Amino acid sequence: MNLSPHAPRSRTRLVAALALATLLASLGTSIANVALPTLAHELGAPFGQVQWVVLSYLLAMTVTAVAVGRLGDALGRQRVLLAGLGVFTVATLACALAPSLAVLVAARSLQGVGAAVMIALPLALVRDVVPEAHTGAAMGLLGTTSAAGTALGPAGGGLLIATSGWQAGFVAMLPLASVALVLTWRGLGDAPAPVRSGARFDVAGAVVLTGALVVGALAMTPGAVPQVGAGPLLAGAAVLVVLLVVVERRSAAPLVPWELLRARALSGGLLMNLLVATVMMSTLVVGPFYLAGGLGLDEAAIGLTLAVGPVVSALTGVVAGKVVDRAGAGAMTTAALLTMTAGAVLLVALPHAWGLPGYVLALVVLTPGYQLFLAANNTAVMTTADGRRRGTVSGVLSLSRNLGLIAGASVMGAVFATATGSVSVHDATAASSAAGMRATFLVATALLALAAVVSLAVRRRADRPVSPAGVS
């Protein structure tokens, strides 16, 4: 149940503010991906090192995702969202001014902290202000703006990098970040005060989780720590995961409340979210290297190509949300995953047969399925959340997504690098880049098929669609 009713005009203003924050966070995720080949060339860094421009952002988002949800429940979601926007704006300026790869990675980490707030809390605030019958449509709108940000990142970033250098992408984000900060401050002034849950934060769990994620990501990025090697790093990550379980079992306020995971809709939704995010991040990290090395495209062409899928998603997001409201979240989650599986199969076959047109056609199939999945799965998870813990649930949902994004950037990146037989992107031939592309999306196909099986298992519970007559 929502916390308080809102007049339609006020509700529209609030949702628009949340959508803009979501767009900006997604833009921060995608705008750096298209710069990876340029950074590798200009800074003379191998694939494993430039990956950290993406990974540092994702790791920071992941570690803080649950924390910001808890803080939103305890301090007020509006206040925490505004703070996150401020941190994001300052960090974006630091990225634009970064004199080296190390400083850029540090600034991206701070940017990820702000982005964690901007991705997690809008999901909870939508449930605060939007009637349940319209939740799918509102989630579809957030998905649309997320897709728009993902599209603007590679498309605009590619053009800016080609004309003004890699720093230009971050400079261009500053005006939008400032506008988002002002509009969110004005728009959220009328939002209802959330029910205070007295939520605490598990500092020890967060520290161990951070260590496990960083060590695991280092193990999956070729050549990142050549002095140690992947084997010892993987062993260290495994030890930290075991320690995390022990710490969380003993914590009075664990990062992920164990009782929440007993709900099939939530635990299944989290697993599917992780698997799907892994695949989608693969298109943003592996895609630029395949388009550059396998098809010989320049930065501007790479950006425009990567933008095709998100543009299609942006055009279908609100429609997808309305379909979810009428047909039911469970059925639409399964349909979305089957569509995405077909798109992954096409990414294995069509680029090899038809080159760039085949790549684009596969994206046109894959990404609308992703948009439908976001609307359906987010609706299914958030409609089960108690009003006092919506911030926590949205944080856990963001945590699963971010873990998938990290896996896509590190593990799937490692699959690509291994299949090409080269650590440095400059040493990969067109044939080896194509082989890496096929191997990566064969793995992606298996992951999406697994997600579809999970969806069918979750759907054993009756899925009652919203009747049109009940829509106010």
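Okay, a quick definition to get going: when I say helix, I mean a DSSP run of H or I with at least four residues, and the helices are numbered from the N terminus. With that in hand, Val-453 sits in helix α16, which covers residues 430-458. And just so everybody has it in mind, this is a predicted model.

Let's stay with Val-453 for a second. Is Val-453 buried or exposed? It's exposed, because its relative accessibility is 52% and the cut-off for exposed is over 50%. As for what's around, take Leu-337: that residue is 116 positions away from Val-453 in sequence, yet the two C-alpha atoms are 9.3 Å apart.

Now over to α10, where I'd like to spend most of my time. This helix runs over residues 230-250. It has 21 residues, and from the first C-alpha to the last it reaches 30 Å, close to the 30 Å you'd expect at 1.5 Å a residue.

So which residues of α10 are buried? Those are Leu-233, Ala-237, Leu-244, Val-247 and Glu-248. They sit on the same side of α10, because the arc they cover around the axis is only 90°. Yes, there's a Glu in that list, Glu-248, so have a look at it when you turn the model.

Flip to the face of α10 turned away from that buried side, and you meet exposed residues: Val-239, Val-242, Arg-249 and Arg-250. Let me pick out Val-242. Its relative accessibility is 54%, so it counts as exposed. Val-242 also belongs to a nonpolar patch on the surface, together with Leu-243 and Val-246. How much accessible area do the three have together? About 230 Å².

Next up, aromatics. Searching the whole structure turns up two aromatic pairs. One of them is Trp-166 with Phe-170: the centres are 6.5 Å apart, the planes are at 85°, and the arrangement is edge-to-face. The edge-to-face label applies because that angle is over the 60 degrees cut-off. Both partners are tucked away: Trp-166 is buried at 8% relative accessibility, and Phe-170 is buried too, at 5%.

Let me finish with a little tour of three more helices.

In α9, residues 203-220, look at Val-203. Val-203 is exposed, at 52% relative accessibility. Along the chain, Ala-253 is 50 residues from Val-203, and their C-alpha atoms are separated by 9.6 Å.

In α14, residues 356-382, we have Val-365. What's the status of Val-365? Partly exposed, since its relative accessible area is 25%, and that falls between the 20% and 50% cut-offs. Gly-309 is 56 residues from Val-365 in sequence, with 8.3 Å from C-alpha to C-alpha.

And in α5, residues 77-97, there's Gly-84. Gly-84 is buried, with a relative accessibility of 4%. Leu-121 is 37 residues away from Gly-84 in sequence, and the C-alpha to C-alpha distance comes to 9.9 Å.

If you take one picture home, make it α10: buried residues on the same side, and a face turned away from them that carries Val-239, Val-242, Arg-249 and Arg-250. That's me done, thanks.

How values were computed: Residues numbered from 1 in each chain as written. Predicted model: local features only at pLDDT ≥ 70, side-chain atom pairs only at ≥ 80, totals over all residues. Heavy atoms only, no water. Phe/Tyr/Trp six-rings, centres within 6.5 Å; stacked < 30°, edge-to-face > 60°. Buried < 20%, exposed > 50% of the residue type's maximum accessible area, 1.4 Å probe, protein only. Patch = residues over 30% accessible without salt bridge, like charges linked within 9 Å, V, L, I, M, F, W, Y side chains within 5 Å. Areas by Shrake-Rupley, 256 points an atom, 1.4 Å probe, with all protein chains shown as cover. Salt bridge = Lys/Arg side-chain N within 4 Å of Asp/Glu carboxyl O. Helix = DSSP H or I, 4+ residues; strand = E, 2+ residues; numbered from the N terminus. Expected span 1.5 Å × (residues − 1). Arc of directions from axis to C-beta.
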